[in-house]
Amino acid sequence: MDIKTEIKKLEDGTIDINVVLPWSVVKKTKDEVIDEHVKDATLPGFRKGKAPKDIVEKSLDGGHIKEDVLRKLLPEAYAKAINDLKIKPIISPKIHVQKIDENQDWEFSAQTCEMPTIDLGNYKAEVKKITGKSKIVVPGKESAPVSFEEITKALLDSSKITIPAVIIDQEVEKLLAQTLDEIKRLGLTLDQYLASTGKNIDALRDGYKVKAETDVKLEFILQEIARSENITVEDKEIEDALNTAKTPAERQNLEQNKYLLASIIRQQKTLDFLKNL
């Protein structure tokens, strides 16, 4: 596919890719889409798939045709762009269609990012300051266990990492979607929920932005610690986790998401490693 690409890397690590699709490529794909509609067309006076192409084309919705063309072109064009630019994205792109006029080149932009650079600092020393307190034996007094929050704070304080805005935005949208689902389950509207919390949608989004940045930072930090300490997950550990499923449906869901399950197990093993420092 003949495309033109431009790339811009922002300071936070977000990557902006601009892609121009020549009209010749768009027209070829559009013709293929229309041919597919011709095969399934059932117009008065014609048997299925036998209506002339020009008549079928006039009966089709132009907006829907453009959507079909985009669905065919965008994945291939994006894949070629990141290959040509030698980018290794870690998230699905945020696509913005900029121009899709007839008889002109089409243009879209995609936002993505690569793995951010992580400096763990002297995290072991900082975590040991926390875990050391729980190892002090005071006669007649039981030692308080180390809390997840204390370890989290130590890791965030000692590590340096800049999270690309595109990742934070995706996480915020996910949190908002989860909140909306919960609101619907409660039988409330968004306005009712906001009124009950004394917040507006912007304040809710800002709060989620802070949470998203913290959560994502911690996730990357734990991944880097697991990598540097060679913390892995064995097949038996995954199988043992699958065996904890209470129902066949629950087990099937876990089996379909083994990668996510392995990530959760690895993260827990990493936390156990930190607690034992």
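Strand 3 (94–99) and strand 4 (residues 106–113) run antiparallel and are joined by 5 bridges. Within this pair, Val-97 stands opposite Phe-108 of strand 4. The model described here is predicted, with local features requiring pLDDT of at least 70, side-chain atom pairs counted only at pLDDT 80 or more, and totals for chains, interfaces and linings using all residues. Residues are numbered from 1 along each chain as its sequence is written, and side-chain values use heavy atoms, leaving out hydrogens and water. Helices (H or I, at least four residues) and strands (E, at least two) are DSSP runs numbered from the N terminus, and two strands are taken to pair if DSSP finds at least two bridges between them.

The wider sheet is a good place to start a tour. It is open and made of 4 strands in the order 1-2-4-3, with antiparallel pairing. Strand 1 and strand 3 stand at the edges with a single partner strand each, so one side of each has no neighbour in the sheet. From one strand to the next, the twist averages 20 degrees; axes are lines fitted to C-alpha atoms, for helices over the stretch in contact, and angles run from 0 to 180 degrees between N-to-C directions.

At the other end of the strand order, strand 1 pairs with strand 2 (residues 14–21) in the antiparallel sense over 6 bridges. Here Lys-9 has Ile-15 of strand 2 as its bridge partner. The hairpin of these strands has 4 residues between them, and Gly-13 takes a positive phi near 100 degrees. Of the 6 residues of strand 1 (residues 4–9), 0 are buried, so this strand lies largely in the open; buried means under 20% relative accessible area, exposed over 50%, and partly exposed in between (1.4 Å probe, protein chains only).

Helices also meet the sheet. Helix 3 lies across strand 1, strand 2, strand 3 and strand 4, at about 50 degrees to strand 4. Helix 6 (residues 165–185) lies across strand 2, strand 3 and strand 4, running at about 90 degrees to strand 4.

Ser-92 belongs to the loop between helix 3 (62–84) and strand 3. Ser-92 is exposed, with a relative accessible area of 54%. Leaving aside neighbours within four places in sequence, Ser-92 is in contact (heavy atoms within 4.5 Å) with Gln-111 and Gln-170. The C-alpha atoms of Ser-92 and Ile-167 are separated by 9.5 Å, although these residues are 75 residues apart along the chain.
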